[in-house]
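Biologist: I am new to this structure and would like to learn how to read its features one by one. Could you take me through them, giving the general idea before each case?

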Amino acid sequence: MTAPEVQDYVGFDTITQQMERKFLKRGFNLNVILVGESGMGKSTLVNSIFSTHLVDSQGRRTAQEVIRKTTEISPVTQTLEENGVRVRLTIIDTPGYADQCNNEGCWVPVVKYIKDQHAAYLESELKPQRARIIEDSRVHACLYFLNPGSRGLRPLDVEVLRRLTEVTNVIPVIAKADSMTVEERTLFKRRVKEEMAFHRIAVYPYACEDDDDEDRMLNASIRELVPFAVVGSEEVIDVAGSPVRGRRHGWGVINIFDESHCDFVHLRNFMLRTHLSDLIEVTAQRHYEQFRTSQLRQIKELRAQQAAAAAAAAGPGPGSAMPQQQQPPAAPLPNQPAMTNPA
């Protein structure tokens with residue numbers, strides 16, 4: 001008869017499987033805001049990234065349509081599922097942004113919307129009886145579309161990027177990159193990088209002390225591509241008997257999945273295959289925490305001011321003890337004994 005073997009296996013390594021089952025059951029939220037002037041192909045790019053028609057263009061379709069005088073916020077929510085993973089995707093378009101001659105303040109509704117989502121999440125957190133799972137409407141990524149005809153960052157771009165990078169993860173892209181030659185695209189990228197460095201504009205992904213060597217190499221390769229020169233298309237074109245998703249020009253066809261034509265594949269892989277979880281995590285740990293800390297500090301200061309005002313208005317009541325924090329009694333005059341309290 002053999003002695004029973006000692007079971008040394010504990011089993012805590014199955015936590016990843018447990019988390020995966022719970023994650024697959026619950027799904028997750030992904031919220032992306034699109035910022036750029038009309039005609040930059042924002043809706044087409046998002047539909048191309050997720051390989052389905054999610055949003056319709058909000059741009060003017062006829063000359064008779066009235067030009068929007070203010071920036072509007074237009075969210076659309078769809079539920080997608082791939083290999084058992086379910087995502088509740090919200091795409092927020094901003095029709096009317098930068099479509100006027102005077103675009104001063106056109107970014108205000110965009111920044112306000114992002115902060116409002118932080119405020120709604122904070123309010124849900126502070127409820128005495130909060131939900132077990134709080135609906136996450138915080139913006140996880142902002143695709144900022146640069147006009148390929150500007151040949152660099154305009155003053156408006158600098159101002160808006162400064163404000164957006166304070167509240168969300170900004171990913172700059174060069175819209176309709178097929179309107180530029182390869183040399184023009186390279187020069188455009190170099191100029192944008194130099195101007196962002198000069199104005200100290202930090203876009204996603206950010207450097208982190210917790211990154212290992214593999215993460216640093218991956219992020220370094222992504223920063224080399226920023227801003228992504230992208231082309232979007234929902235049209236399938238037949239090229240030599242093979243279906244290609246792209247755009248047809250007089251000189252040929254742009255295949256959006258060909259890395260030598262544009263950076264579309266790199267952008268899609270970056271957003272969905274390598275940094276999707278990090279986008280959500282950075283939103284919670286960086287941007288939302290900054291907002292939360294600022295709001296709680298303001299609430300604390302406001303309560304202190306209200307308490308001080310109430311105490312000053314009430315004053316010491318009759319027969320009540322003197323407040324502990326009071327001015328010390330005046331020093332006695334020379335040659336005059338100090339007053340003492342009766343026993």
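Modeller: Let us start with salt bridges, keeping in mind that this is a predicted model. In general, side chains of opposite charge can pair when their charged atoms come close. In this structure there are twelve salt bridges.

Biologist: Which residue forms a salt bridge with Lys112, and how far apart are the closest N and O atoms?

Modeller: The partner of Lys112 is Asp116, and the closest N and O atoms of the two are 2.8 Å apart. Both belong to helix H3, which spans residues 108–125, and because they are four residues apart there, about one helical turn separates them. Asp116 has a relative accessibility of 34%, so it counts as partly exposed.

Biologist: How many residues apart are Arg216 and Asp213 in helix H6?

Modeller: Arg216 and Asp213 are three residues apart in helix H6, residues 213–225, and therefore about one helical turn lies between them. Their side chains meet in a salt bridge at 3.2 Å, N to O. As for accessibility, Arg216 is partly exposed with a relative accessible area of 41%, whereas Asp213, at 55%, is exposed.

Biologist: Which residues are joined into one network by salt bridges that share partners?

Modeller: Glu37, Arg154 and Asp157 are joined in this way into one network. Within that network, the side chains of Arg154 and Asp157 meet in a salt bridge of 3.2 Å, N to O.

Biologist: Is Asp157 buried or exposed?

Modeller: Asp157 counts as buried, because its relative accessibility is 0%. Arg154, on the other hand, has a relative accessible area of 25% and is partly exposed.

Biologist: Let us turn to the strands. What should I look for when I read a sheet, and what is the order of the strands in the open sheet of six?

Modeller: The general idea is that strands of a sheet pair through backbone hydrogen bonds, either parallel or antiparallel. Here, the open sheet of six strands follows the order E2-E3-E1-E4-E5-E6, and its pairing is mixed. The edges are formed by strand E2 (74–82) and strand E6 (228–229), each of which pairs on one side only.

Biologist: How do E1 and strand E4 run, and how many bridges join them?

Modeller: E1 and strand E4, the latter covering residues 141–146, run parallel and are joined by four bridges. To find the register in the model, you can look at Val35, whose bridge partner in E4 is Tyr144.

Biologist: And how do strand E8 and strand E9 run?

Modeller: Strand E8 (residues 242–249) and strand E9 (residues 252–255) run antiparallel, with four bridges joining them. The two form a hairpin, with two residues between them, and Arg247 stands opposite Ile254 in E9.

Biologist: Finally, I would like to read the pockets. What is the volume of the largest pocket, and which residues lie nearest its centre?

Modeller: The largest pocket has a volume of about 780 Å³. Its lining is made up of 25 residues, and those nearest the centre are Phe23, Arg26, Gly27, Phe28 and Asn29. Two or more lining residues come from each of helix H1 (15–26), strand E1 (28–35), strand E3 (85–93) and helix H8 (276–314).

Biologist: Which element gives the most to the lining of the largest pocket, and how is that lining divided by class?

Modeller: H8 gives the most, with five residues. By class, the lining of the largest pocket holds twelve nonpolar, nine charged and four polar residues.

How values were computed:
Residues are numbered from 1 along each chain as its sequence is written. This is a predicted model: local features need pLDDT of at least 70, side-chain atom pairs count only at pLDDT 80 or more; totals for chains, interfaces and linings use all residues. Side-chain values use heavy atoms; hydrogens and water are left out. Two strands pair if DSSP finds at least two bridges between them. On a 1 Å grid over the protein atoms alone, a cavity is a set of points where a 1.4 Å probe fits but cannot get out, and a pocket is an open set with protein on both sides within 12 Å along at least five of seven lines; lining residues have an atom within 4 Å of a point. Grid points are joined across faces, edges and corners, and a volume is the space filled by probe spheres set on the points. Ala, Val, Leu, Ile, Met, Phe, Trp, Tyr, Cys and Pro count as nonpolar, Asp, Glu, Lys and Arg as charged, and the others, Gly among them, as polar. A salt bridge is a side-chain nitrogen of Lys or Arg within 4 Å of a carboxyl oxygen of Asp or Glu. Buried means under 20% relative accessible area, exposed over 50%, partly exposed in between (1.4 Å probe, protein chains only).
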